[in-house]
Each structure stands twice: as structure tokens, then as C-alpha cells.
Amino acid sequence: MPKSLWFLIVAMAINVTGASFLWPLNAIIIHQELGKSLTAAGFVLMLNAGAGVIGSLLGGRLFDKIGAYQTMIFGLVVTTVSAVILVFYHSYYFYMILLIGLGFGSGVIFPAMYALAGSLWPEGGRKPFNAMYIAQNVGVALGTALVGVVASIQLTAVFSANAIMYAFLTLFVAFFFKEIGAKAHHANTSNVFEQKTSIRSNYRMHSLVLLSIAFFICWVAYTQWQANVSVHTQSLGISLQHYSFLWTINGLMIVFAQPLVSWMIKKWVHTLKQQMIVGVLIFILSYTVLLQASVFSMFLVAMIVLTIGEMFVWPAVPTIASQLAPKNKEGYYQGIINSVATGGRMIGPLLGGLMVDFFSMSMLIMVLLFLFVIAIFILLVYDVPLKRVMETKQQEVEASS
């Protein structure tokens, strides 16, 4: 693994550690501290994620045009400024506006980091994306392990912890990444304007769109754990420390069980397509357990199963996006994928909040199980456009001979 990729892995871990001080508690803070409904909380989180969608698309394009370093610095400045202001002003409307800033800045950062990972180790295949995924979850484990301690002192102290981490990350990137980002920009984006739309690239995009729909469904479901499940556990008398412990287990499992899961995938799963389908089936098992959960131990089992499922699905998607991307469009394709994930985080809390407010938690989970079935059917056919390309090329070869 290149040395420069290790710096990127550290940056990703710091980034997610900072974010993990806030995202598990957003719905709880809005609902309990600010006295707003779950639907209102879902609306604020939708705005946060919507800004992330715009930031992701912009971040991917900026990576292709100006390079990783400038893109990451831009995103970090927006994020850090928003986080610092949030320390001092966190009434409902300030919270809403500043979460939009945090969402936009984070959205810019993520596709640049993932595109840079692929650029720094192009021969690594899925390995750089697995490494980034593990780094994310080191951050999740650290952040969620600490957030319970910080929040037990004072709930709003998480704002200060979030701001400190982002300020440190900005300095880290400014110091270490100028040369790394410049090399990647020179290698990958010098001829970006030479890329023309073609039938083949359109087929690539068709496959990416189908993949994105399934990925979006998975994120709509997954984000319920960060929004409505968090409030649901509180209503059942499960403490905030126990809820944050679930995410600590999530992060630790991904870090330490990754070699075992990688071995399982290598031994029994032969394609990325099969890997994603197996992952969605595991998601279905997790939400089936969640449907029956009423005590902490059942939530823990559901989280463990969920974590295994995401270890199959999450690393596979950016890997496929990297394989689908035409040369010098890596940032654009990673931006699309990251915006889709963010879009799921945008719609998920609002959809879930409405379902819980007007129906019940059980109804929400049953709807999610139905959506998972749709996702499996989409994954079964997402690569059909690419097969058409291969068939067309084969016919051209036969005709020429």
C-alpha cells in the first residue's frame, strides 16, 4: 500500500471521528433538547443530507477539475466554520442552518477522498476502498465510544468535540496533502475536457444509475438507526450510553472482523454483484430481528447482523463506481455514488419520521423490508447495460472478420 494512502486513511478516520460526535445524537437533540417532533427532526436531517448531495456532486467535479487538495481544503473550511459557530449558537434555526453547512462541507470532502484513494493505488482494485471503509469505521468506533462520555457531561458538549476534530483535520490536510493532491490531480485530471459522451459511457452511466437506486434504498433503511431507532430505544428506556455502544460495536466489528469477512467473500462470493446481493439479504435478516426488538440484547443482535451486511455492501459500491468510470471521470462517478448515499440519508429520516408519527415503528420496518426486496431485483439486472456493450463489441469484431 502506498505511503500516501496511509495519510489519506488517517485523514478519513479523523474526519469520521469528528462527525461521529454529532450524527448519532442529531435526532435526540432536536427531539428532546429543542422540543421538536420526529417529523421536524427528519426535516432538518433532510436539509443536512440535501446539502450533502449538492456538496458530493460539486466535490466530485472539483476533484476532476482542480484536484484533491484544493477540493478537500474547500470542504473542510466550510465544515469547520459551521462546526465552530454551532458551539456558540445551537437554537433550532441556527441548528438547521449550520447542519446544512456541515452537510455541504462533508459532501465535498468524501468523494474527493474516495477518488483520491483510487488514484493513489489504481492497481489495488477494491483494496484502497476497503481500506477507506475500515478507516471510516475506526472513526465511528472512536467517535461513538467517546460521544457517550462527552454527552454524559453535557449533551451540547458534543458540539465542541466536533469542532475541535474538524479544526485539527483541516490543519492535517493543509500540512500533508498539498504534494499528494497535486500528484493525483496531474495524473488523473489533466485531460478531463477530452472526455466525450459516447454510447459506451452512456451504458456505463445506465449501470451506475441502477446500482445507485439499490444503494439509495439501502441507505434509506440504514439511516433509520441514526434517526428513528435512536429515539425508539429511548422510548423503551434504553440509555443513551447503551445506544452509543451499539455504534461502537459497529465500528469495532468492521475494523477487527474485516479480515474474516474478506476471507469469506474471497472463498464463497465470486463477483461484486453477488457480494452486494448477499449483503442485502443479510440486511433483511437484521431488520427482521429489529422488527421484534424490545430489549437492548435484541437491538445488539440486530446491529451485529446489520454490520455484517454493510461490510458486504458498502465497500463494493465505490469499487464498482471506480471500475465503471471512464478515465479522468473518477471524481464525477464517486461524487454521484456519495450523493446517492447522502440522498438516502436525506430521505430516510423524514420518511421514517412520518411513518412513525402517523403509523408505527413496526410499519416503518415492514416497508423497509419490502424495499430491500426491490433492491435485490435491481441488483440482479444492474449490469445488463454493460452486457449490451460487450455484445455490441463482439458483433463488431465478428462483422469485421
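How many of the 9 residues of helix 13 are buried? In helix 13 (residues 316–324) the count is 7 of 9, so to speak a mostly covered helix. Buried here means under 20% relative accessible area, with exposed over 50% and partly exposed in between, using a 1.4 Å probe and protein chains only. The buried residues of helix 13 are Ala316, Val317, Pro318, Thr319, Ile320, Ala321 and Leu324. Helices are DSSP runs (H or I, at least four residues), just as strands are runs of E with at least two, and they're numbered from the N terminus.

Some housekeeping before going on. The model is predicted, with local features needing pLDDT of at least 70 and side-chain atom pairs counting only at pLDDT 80 or more, while totals for chains, interfaces and linings use all residues. Residues are numbered from 1 along each chain as its sequence is written, and side-chain values use heavy atoms, with hydrogens and water left out.

Now to helix 5 (residues 92–120). It has 29 residues and reaches 42 Å from its first C-alpha to its last, close to the expected 42 Å at 1.5 Å a residue; that expected span is 1.5 Å times one less than the number of residues. Helix 5 is largely enclosed by the rest of the structure, because 24 of its 29 residues are buried.

One partner of helix 5 is helix 3 (residues 38–66): the two pack at an angle of about 35°, with their axes 6 Å apart. The axes are lines fitted to C-alpha atoms, for helices over the stretch in contact, and the angle runs from 0 to 180 degrees between N-to-C directions. Helix 3 passes helix 5 in a right-handed crossing, where right-handed means that the near helix is turned clockwise from the far one by less than a right angle, and left-handed means anticlockwise. By class, their contact has 21 nonpolar, 9 polar and no charged residues. In that tally Ala, Val, Leu, Ile, Met, Phe, Trp, Tyr, Cys and Pro are nonpolar, Asp, Glu, Lys and Arg are charged, and the others, Gly among them, are polar.

Gly59 sits in helix 3 and is buried, at a relative accessible area of 0%. Leaving aside neighbours within four places in sequence, Gly59 is in contact (heavy atoms within 4.5 Å) with Thr71, Val108 and Pro111. Follow the first of those names and you land in helix 4 (residues 68–88), where Thr71 lies. Thr71 is also buried, with a relative accessible area of 0%. With the same sequence neighbours set aside, Thr71 is in contact with Gly59, Leu62, Phe63, Ile66, Val108 and Ala112.

What about the largest nonpolar core? It holds 128 residues, and Leu8, Trp225 and Tyr287 touch the most other members. Such a core is a set of buried Ala, Val, Leu, Ile, Met, Phe, Trp, Tyr and Cys residues joined through side-chain atoms within 4.5 Å. Helix 5 turns up again here, giving the most to this core with 15 residues. Beyond four places in sequence, Tyr287 is in contact with Ala221, Tyr222, Trp225, Leu306, Ile365, Leu368, Leu369 and Phe372.

Over in helix 8 (residues 199–222) you'll find Leu211, buried at a relative accessible area of 1%. Its contacts, sequence neighbours within four places aside, are Met276, Val317, Ile320, Ile337, Leu379 and Tyr382. The C-alpha atoms of Leu211 and Asp383 are separated by 8.4 Å, though the two are 172 residues apart along the chain. Asp383 is also touched by Lys273, along with Leu379, Leu380, Val381 and Tyr382, not counting residues up to four places away in sequence. Lys273 belongs to helix 11 (residues 272–292) and is buried, with a relative accessible area of 18%.

That leaves Arg126, in the loop between helix 5 and helix 6. Is Arg126 buried or partly exposed? Arg126 is partly exposed, at a relative accessible area of 31%. Not counting residues up to four places away in sequence, Arg126 touches Ile265, Leu272, Gln275 and Thr319. The last of these brings us back to helix 13, where Thr319 is among the buried residues. Ile320 of that helix has its C-alpha 8.6 Å from that of Arg126, 194 residues apart along the chain.
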